[in-house]
There are 2 protein chains.
Amino acid sequence: MQEPTIDVQQQIAISERPGEEFQALPWTRQRVVFFQLPESIQRDVLDGIDRQEVRQFVRRLDPDDATDVIGLLDGDTQEAVLSQLDTDRRERIEFLLKFSPDSAAGMMDLDYVTVDRDQGFEEVAQLVRRHEARTGRFPTVFVTDDDEVMGELPGHTLVLAGHGRADITEYLRPTPTVRYAQPNSEVIAVFRANPQSKIVVLDEDDRILGVIYADDLLRAIEEEVGQTLYEFTGVDEQESVLDGALEKIRRRYKWLIINLGGGFLAAATVGLFEETIAALTLLAIYMPIVAGMGGNAGTQSMAVTVRGIALDQISLRTGRRAIGNEVLAGGANGVITGGIVAVIATLVNQSPLFGLVIGIAMVLNLVIAGFFGALVPLSLDRLGYDPATSATVFITMATDVLGFFIFLGLAQIVLL
Amino acid sequence: MQEPTIDVQQQIAISERPGEEFQALPWTRQRVVFFQLPESIQRDVLDGIDRQEVRQFVRRLDPDDATDVIGLLDGDTQEAVLSQLDTDRRERIEFLLKFSPDSAAGMMDLDYVTVDRDQGFEEVAQLVRRHEARTGRFPTVFVTDDDEVMGELPGHTLVLAGHGRADITEYLRPTPTVRYAQPNSEVIAVFRANPQSKIVVLDEDDRILGVIYADDLLRAIEEEVGQTLYEFTGVDEQESVLDGALEKIRRRYKWLIINLGGGFLAAATVGLFEETIAALTLLAIYMPIVAGMGGNAGTQSMAVTVRGIALDQISLRTGRRAIGNEVLAGGANGVITGGIVAVIATLVNQSPLFGLVIGIAMVLNLVIAGFFGALVPLSLDRLGYDPATSATVFITMATDVLGFFIFLGLAQIVLL
């Protein structure tokens, strides 16, 4: 029985010689495994096999996949591999290599034919057959009127008998379009609104450059959505679990240093109450609870808001009700958890007054968490920044600084 | 010009009468907008329009989309709407309604025809034409051998002229299969390995039930990947930014209470050093930095590991090197950030010894963060639990408890 892909993949990733492991696989497995490896390992694999083997691998891939592979090679190897492919293939790949892999053009296929609105079904069928004979693939048929795209002629209309001299424009399906340089995220948004269509990629002059199919978009969507979790935690979007330690250090330390700034602000806030703490060490013991719960509630509000922004469900303009609901929810959950803490603190420390102080501090801190958890990502989005990347820093800072200030300030007033 | 979808969507979501807003849209917009609304708002919309209007909306949707809409209605309305659809459509939807929307069967389409391996191209073309005439859609053609699926006959083979008496089995493309009850996540994994294929859905007896196309999977993938961020922060996967406050409270308070447990453990750890803190209040001031940085580094390691698990790039078995790298990266980033804190603490508090203590504590805490950040999700995955949901609780607990213990313990030994 065949070894499961996941095992092969991991085997290659942890191998000392990933190229050799990869080379030993049959082509059909190579194709599946390669595109599921993180980019750093893909490079290792390609470095570890000779040019002849790279050519063998690339030769039978779709042009857009082949382009992704060849894009990972250094200049010399690129040329050597390209020069060995047949002309038609080489030209397609060279064309695709000109575009950024993270743009509409980087995702597109070249399997399309364009026909003029005046052409008949028989002529279209001939073009389709010729494309199929040359490339082994069935093209999408776009109908144009003086170079302007009118729409797609669905492939099955060619199968239906008895068209006679029917006008092909009667069978058109409208096709959404994107510019070749639009980033993946915008292409995904277009697709989300037209999930059952192919997308036409146009150049500056509105001429057709290529076509994007649903399966081309899947990898982009996985990357885009998965990215949010990374941004949330300050990890570079390129990082993979299989990267080496040096990569990981490089990709993370900056974010940790930025967070350190927030940490010092929180420390300074606590420092304001140094004498209060000296008089009542109990406060230091409960500090982690106040800060921790505020942080947890804040990231909850933020996760929901960031996702709503990503799915185009909310913006700062329409967000007033959502912010209000986050504040309400934060307050209510503050009453629940703050109540629990208040009861336990009262019992353990035999001080109802202290219980009251920590209970109130927690309610207020969770209200703050809800407010900033929703407001910060919406504002960052409005200002044109990515809402996920920088929001955690601000929100944690707000819940830490204000949470400590309220807790220790209240304690100073009430308990001393 | 048409208002952008995002505005219409948000308009409906914040409206007092979402049904009326929806009703005012032309059908083509209704179709786009509806499926981008969160489920709670979808229900509000359907509650706010009459049955006749629901029928109008459903009538022209694909059967699988129509099934999703009808599945949101209460029993009475469901029957009333179904009874008004034409028989063919009603039967398809009633069939699809039997399955869970989060399973393979919940995603599948019914646009397929099966042909026996002995049938010729002309017979197949006739079946295809008949299906197209009846449903307006071009079916996928599956070739079977005594009820067992052999593969798909690509649609374009029907367009190519000159088949004569060719054997259809020579043109087959293998098709991946899933069982009807397999959860979305498993279907996505199959698709990831075969991105250019349709997927056949089989019943218990290996008979074909339906077919899943790439566009059916996109929504499922967005949900699955986006879910990780929610699990990470303890938000119910169904929650939307547009939900009301009560929903939000209900969906989040449990996780907050669980985290409260971790908070009390951290507090208890600090409590062990009450006298040390009383003697040196400075320690309380730096506590937020130790805890905060440990938490940040831990979630970084965890985010990378969780994503690696989701993409099948790693498991506990192959994870030893990854855990090692996380520990190394944690240690190194601990040296960088701990170094900064040590210098600042030395200068501000005029105590190199205190600087040394907090520096060492931070290095160790970031090592701990890397170790648990990678180990916990891998272990949870191995034990069959979801790695994202529960891991944060454990990891924060580890970095808080051990971080405070090391920091305060070191201080007690060195400084007092």
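By what turn, and with what shift along the axis, can chain B be laid on chain A? Good morning. I shall answer that first, and I should say at the outset that the structure before you is a predicted model.

A turn of 180 degrees, with a shift of 0.0 Å along the axis, lays chain B on chain A with an RMSD of 0.1 Å. The two copies are therefore related as by a two-fold rotation axis. The same surface serves both of them, since 100% of the contact residues of chain B recur in chain A.

For those new to the subject, I add one general remark. Two copies of a chain are related by a rotation about an axis and a shift along it.

Let us turn to the interface itself. How many residues does the contact take from each chain? There are 112 residues from chain B and 112 residues from chain A. The size of an interface is often given as the accessible area lost when the parts come together. Here, chain B and chain A bury about 10000 Å² between them, and 66% of that area lies on carbon and sulfur atoms.

Next, I consider the individual interactions. Four salt bridges are counted between chain B and chain A. R252(B), for instance, forms a salt bridge with E326(A), in which the closest N and O atoms are 3.0 Å apart. Eight residue pairs are also found in polar contact across the interface, both residues of each pair being at pLDDT 80 or more.

Which element of chain B gives the largest share of the side that touches chain A? That element is helix α15, residues 282-310, which contributes 19 residues. Sorted by class, this side of chain B holds 63 nonpolar, 28 polar and 21 charged residues.

I close with two residues of chain B whose backbone deserves your attention. The first topic is D206(B), which has a positive phi of about 65 degrees although it is not a glycine. D206(B) sits in the loop between β5 (199-202) and β6 (208-212) of chain B. With a relative accessible area of 34%, D206(B) is partly exposed.

The other is Q350(B), again a residue other than glycine, with a positive phi near 50 degrees. Its place is the loop between α16 (320-349) and α17 (352-382) of chain B. Is Q350(B) buried or exposed? Its relative accessible area is 65%, and Q350(B) is therefore exposed, the cut-off for that word being over 50%.

Thank you for your attention.

Definitions and conventions:
Residues numbered from 1 in each chain as written. Chains lettered and ligands numbered in written order. Predicted model: local features only at pLDDT ≥ 70, side-chain atom pairs only at ≥ 80, totals over all residues. Heavy atoms only, no water. Least-squares fit on C-alpha atoms with pLDDT ≥ 70 in both. Contact = heavy atoms within 4.5 Å. Buried area = accessible area lost by both parts, 1.4 Å probe. Salt bridge = Lys/Arg side-chain N within 4 Å of Asp/Glu carboxyl O. Polar contact = N/O pair within 3.5 Å; in protein donor to acceptor, adjacent residues only side chain to side chain. Helix = DSSP H or I, 4+ residues; strand = E, 2+ residues; numbered from the N terminus. Nonpolar A, V, L, I, M, F, W, Y, C, P; charged D, E, K, R; others polar. Buried < 20%, exposed > 50% of the residue type's maximum accessible area, 1.4 Å probe, protein only.
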